[in-house]
Amino acid sequence: RKAFFSQAAAMEFASAAGCVAAEMVTFYPPGIPVLCPGEEITTDVIAYVQAMQQIGLRVVGPQDVSLQTIRVIKAMRT
């Protein structure tokens, strides 16, 4: 809840490792969230998301569905 209502800013997704996500990222299929607000964005998550994009799965949730950028919690880095 705290992450969902925190101030957020967009940043380059590929450089977001160590930041805290402010939005949900889900691929269809299977429809299971990869990231939820409040979760740390890791290098493994970035690599997985890029792999899912390369095979053409549809992303739902983030403001920028191309995932060039992602909204992260301001002043919150792990």
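In this predicted model, Tyr28 makes contact, once its neighbours within four places in sequence are left aside, with Leu57, Arg58 and Val60. One of these partners, Arg58, lies 30 residues away from Tyr28 in sequence, yet the two C-alpha atoms are 5.4 Å apart in space. Tyr28 belongs to strand E3, and with a relative accessible area of 37% it is partly exposed, a value that falls between the limits of 20% for buried and 50% for exposed residues.

Thr26 also has its place in strand E3, but its relative accessible area is 4%, so Thr26 counts as buried. Leaving aside the neighbours within four places in sequence, the contacts of Thr26 are with Gly31, Ile32, Pro33 and Val34, and also with Arg58, Val59 and Val60. Strand E4 covers residues 33–35 and strand E5 covers residues 58–60, and the pairing of the strands gives these contacts their setting.

Three strands form an open sheet in the order E4-E3-E5, with antiparallel pairing. The edge strands of this sheet are E4 and E5, each of which pairs on one side only. Neighbouring strands in the sheet are turned against each other by 35 degrees on average, if direction is ignored. Between E3 and E5 the antiparallel pairing extends over three bridges, and within this part of the structure Phe27 stands opposite Val59 in E5.

The loop between E3 and E4 deserves a careful look at its backbone. In general, most residues other than glycine have a negative phi, and most peptide bonds are trans. Tyr28 and Pro29, however, are joined by a cis peptide bond with an omega of about -20 degrees, and a cis peptide bond also joins Pro29 and Pro30, where omega is about 15 degrees. Pro29 is found in the loop between E3 and E4, and Pro30 is found in that loop as well.

From the sheet one can turn to the helix that lies over part of it. Helix H2, residues 43–54, has twelve residues and reaches 17 Å from its first C-alpha to its last, which is close to the 16 Å expected at 1.5 Å a residue. Which residues of H2 are buried? In H2 these are Val45, Ile46, Val49 and Met52. Seen down the axis of H2, the buried residues fall within an arc of 130 degrees, and therefore they line one face of the helix. An α-helix has 3.6 residues a turn, so residues three or four places apart point the same way. The face of H2 that is turned away from the buried side carries the exposed residues Thr43, Asp44 and Gln54.

What covers the buried residues of H2 includes strand E3 (25–28) and strand E4 (33–35). H2 lies across E3 and E4, and runs at about 135 degrees to E4. Just after H2, Gly56 takes a positive phi of about 90 degrees.

Further along the chain, Leu67 lies in the loop between E5 and strand E6 (69–77). Leu67 has a positive phi of about 55 degrees although it is not a glycine, and at 4% relative accessibility Leu67 counts as buried.

These elements can now be placed in the chain as a whole. The protein chain has two helices and six strands, and, read along the sequence, it follows the pattern α-β-β-β-β-α-β-β. The radius of gyration of the protein chain is 11 Å, close to the 12 Å that the globule rule gives for 78 residues, so the chain is as compact as a globular protein of that length. Along its principal axes, the C-alpha trace spans about 35 × 20 × 20 Å. Buried residues make up 33% of the 78 residues in the protein chain. Among the contacts between residues at least 6 apart in sequence, 66% join residues at least 24 apart, and Tyr28 and Arg58, at 30 residues apart in sequence, give an example of such a separation.

Terms used: Residues are numbered from 1 along each chain as its sequence is written. This is a predicted model: local features need pLDDT of at least 70, side-chain atom pairs count only at pLDDT 80 or more; totals for chains, interfaces and linings use all residues. Side-chain values use heavy atoms; hydrogens and water are left out. Helices (H or I, at least four residues) and strands (E, at least two) are DSSP runs, numbered from the N terminus. The expected span of a helix is 1.5 Å times one less than its number of residues. Buried means under 20% relative accessible area, exposed over 50%, partly exposed in between (1.4 Å probe, protein chains only). The arc is that of the directions from the helix axis to the C-beta atoms. Contact means heavy atoms within 4.5 Å. Two strands pair if DSSP finds at least two bridges between them. Axes are lines fitted to C-alpha atoms, for helices over the stretch in contact, and angles run from 0 to 180 degrees between N-to-C directions. The radius of gyration is taken over C-alpha atoms; the globule rule is 2.2 Å times the number of residues to the power 0.38.
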